[in-house]
Amino acid sequence: MARVSAEDLGTEPIGRLLIKQAVPASIGILVMSLNILVDTIFVGNWIGSIAIAAINVVLPVSFFIAALGMAIGIGGSSIISRALGANDPEKALKTFGNQITLTLLVTITMVGFGLYFANDLIPAFGGKGGIFEPAKIYYTIVLYGVPFLALCMMGNTVIRAEGKPKFAMIAMIIPSVGNLLMDYVFIYIFDWGMEGAAWATTGGYLLCFAYILYFFLSRNSELKINPTHFGLHLPILREIGSLGFVTLSRQAVTSVTYLLMNNILFDLGGEPMVAVYAIIGRMLMFALFPVFGVTQGFLPIAGYNYGARKYERVRESINTAITYAAVVATVVFIGLMVFPAEITGLFLSHRADMSAAEIASNIFVLENTPSAMRWVFAATPIIAIQLIGAAYFQAVGKAVPALLLTLTRQGFFFIPLILILPLYMGELGVWLSFPIADTLSTLVTGLFLHREIKTSLRSNGNPD
């Protein structure tokens, strides 16, 4: 694997550089998303559709704790990218050390609280009726591995900040492949059911952590920290916190969204309706992987060049990233509009020994998911502006607009919509909330980004 230096972020042509950054990120996200997708297919076929709903209930709790690591990672990586661009390696090292210490302290504490309040959290997130017991089994086992996942998510963003996207890609591929292999062994061969699915997920986290630890200890990483860097430094913590709070707020709102969606849909149609949303949720993670890959590739480029005061390159990176992301989003949109029924069928069991209740659940899911999927993804071609715009403000260290734009879609628009529209339109109101929120948040982000480009990024030199 060719070695890439951080300085390349400030010298290579933007189009080629974005491809070099985005393709590995997209492949990594693709494999991770395929892992989630295939894992859900395995669970649906080998355990049942209620098991899919159970996992969907657990995800917002475990992902929120893991997102603490991502928040610390993205907040710190913005500092690292700008420090490397400004030729300040000591600040980059100190930031990385503080990221590790902070991730361990926060996530282990949160896991303790999560385990203690398990019986309250699971029903609150929609784990009611027949969903509760399988959800609790999965939740308890997976939560033990979440601190390792948090360290992985933190470390992965730092690897990208160093300009090493291929290593970040491998860090995402290894646990995904490992999880699928363990799924086959634990669920299909050993017949461990939900315990098998949970241990396969946790095992994937451990594999990812092992690889990331290897990367930072090897010659491939430029960040060689020593024990003095682990001591918490208040100014750095403030900056990590202000920028990381953007990511954490996004995940917090996502967790609240899962809570509301699972409960609203359970009231509208019981466990099968929650399974419909679980399948659509997996597609939201999987289908948009190339768009998220472009966004991930854009972050270190924008951050490095902003730190190096190369504002023309920052403007070019914004325009190029939006163009690339819009093209791939449109391709995804076409596929989802044409094949929603075929996609839904992949998640459903076709066992000959299914009970009458399982058959009825499968029929309900197959009849209701395709139309819901079309509504949920209806505004996909325009989301590039929203994603790249919010990412830009985070990459350059502007925490307030980054936070506002991050919360715009789900916090300011989506949550109010799903609380209001279903009262008048039932299930359709839930699904219509997705494209309406996407459209409104894209318009707001576009206005913010246009103003930023016209003011702060007018020329090389001090931004206004």
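Author: A definition first: two rings of Phe, Tyr or Trp (taking its six-membered ring) form a pair if their centres lie within 6.5 Å. Planes under 30 degrees apart make the pair stacked, over 60 edge-to-face, and the rest tilted. The model we're looking at is predicted.

Reader: OK, which residues make up one aromatic cluster, then?
Author: There's a group of rings here that belongs together as one cluster. Its members are Phe96, Phe167, Phe215 and Phe216.

Reader: And how many aromatic pairs does the count come to?
Author: Apply the 6.5 Å limit on ring centres. The count then comes to 15 aromatic pairs.

Reader: Take tyrosine 211 and tyrosine 214: what sort of aromatic pair do they form?
Author: Their centres are 5.8 Å apart, with 50 degrees between the planes. Stacked needs under 30 degrees and edge-to-face needs over 60. So 50 degrees falls in the remaining class, and the pair is tilted.

Reader: Why are those two tyrosines about one helical turn apart?
Author: Both sit in helix α7, residues 193–217. Tyrosine 211 and tyrosine 214 are three residues apart there, so the separation is about one helical turn.

Reader: Which of the classes, buried, partly exposed or exposed, fits tyrosine 214?
Author: Its partner tyrosine 211 has a relative accessible area of 12%, and since buried means under 20%, tyrosine 211 is buried. Tyrosine 214 has 45%, and exposed would take over 50%. That puts tyrosine 214 in between, so call it partly exposed.

Reader: Tryptophan 431 and phenylalanine 434: stacked, tilted or edge-to-face?
Author: These two are also three residues apart, in helix α15 (residues 427–455), so about one helical turn separates them. Both are buried. Their ring centres are 6.4 Å apart and the planes meet at 25 degrees, so the pair is stacked.

Reader: Any charges over rings? Which ring does the charged end of arginine 451 sit over?
Author: There are two cases to look at. The charged end of arginine 409 sits over the ring of phenylalanine 414, 5.4 Å from its centre. For arginine 451 the distance is 5.3 Å, and the ring belongs to phenylalanine 448.

Reader: Zooming out, how does the radius of gyration sit against the globule rule?
Author: The fold has 15 helices and zero strands. For 464 residues the globule rule gives 23 Å, and the chain comes out at 22 Å. Those values are close, so the chain is as compact as a globular protein of that length.

Reader: What share of contacts joins residues at least 24 apart?
Author: Start with the contacts between residues at least 6 apart in sequence. Of those, the share joining residues at least 24 apart is 83%.

Reader: Which helix gives the largest share of the largest nonpolar core?
Author: That core has 144 residues, and among the members touching the most others are Met261, Met283, Leu336 and Trp431. The biggest contribution is 25 residues. They come from helix α8.

Reader: Staying inside, what is the relative accessible area of threonine 107?
Author: Threonine 107 belongs to helix α3, residues 89–116. Beyond its sequence neighbours up to four places away, it touches Ile65, Leu68, Gly69, Pro147 and Ala150. Threonine 107 counts as buried, since buried means under 20% and its value is 0%.

Reader: Is lysine 94 buried or exposed?
Author: Lysine 94 is found in helix α3 as well. Leaving out neighbours within four places, its contacts are Thr228, His229, Gly231, His233 and Ile236. Its relative accessible area is 19%, and because the cut-off is under 20%, lysine 94 counts as buried.

Reader: What is the phi of asparagine 87 near?
Author: Most residues other than glycine have a negative phi. Asparagine 87, in the loop between α2 (49–85) and α3, has a positive one. It is exposed at 67% relative accessible area. Its phi is near 60 degrees.

Reader: And where is arginine 309, which also has a positive phi?
Author: Phi of arginine 309 is near 65 degrees. At 40% relative accessibility, arginine 309 counts as partly exposed. Its place is the loop between α9 (289–307) and α10 (311–338).

Methods. Residues are numbered from 1 along each chain as its sequence is written. This is a predicted model: local features need pLDDT of at least 70, side-chain atom pairs count only at pLDDT 80 or more; totals for chains, interfaces and linings use all residues. Side-chain values use heavy atoms; hydrogens and water are left out. Helices (H or I, at least four residues) and strands (E, at least two) are DSSP runs, numbered from the N terminus. Buried means under 20% relative accessible area, exposed over 50%, partly exposed in between (1.4 Å probe, protein chains only). A charge sits over a ring if NZ of Lys or CZ of Arg is within 6 Å of the ring centre and within 35 degrees of the ring normal. The radius of gyration is taken over C-alpha atoms; the globule rule is 2.2 Å times the number of residues to the power 0.38. Contact means heavy atoms within 4.5 Å. A nonpolar core is a set of buried Ala, Val, Leu, Ile, Met, Phe, Trp, Tyr and Cys residues joined through side-chain atoms within 4.5 Å.
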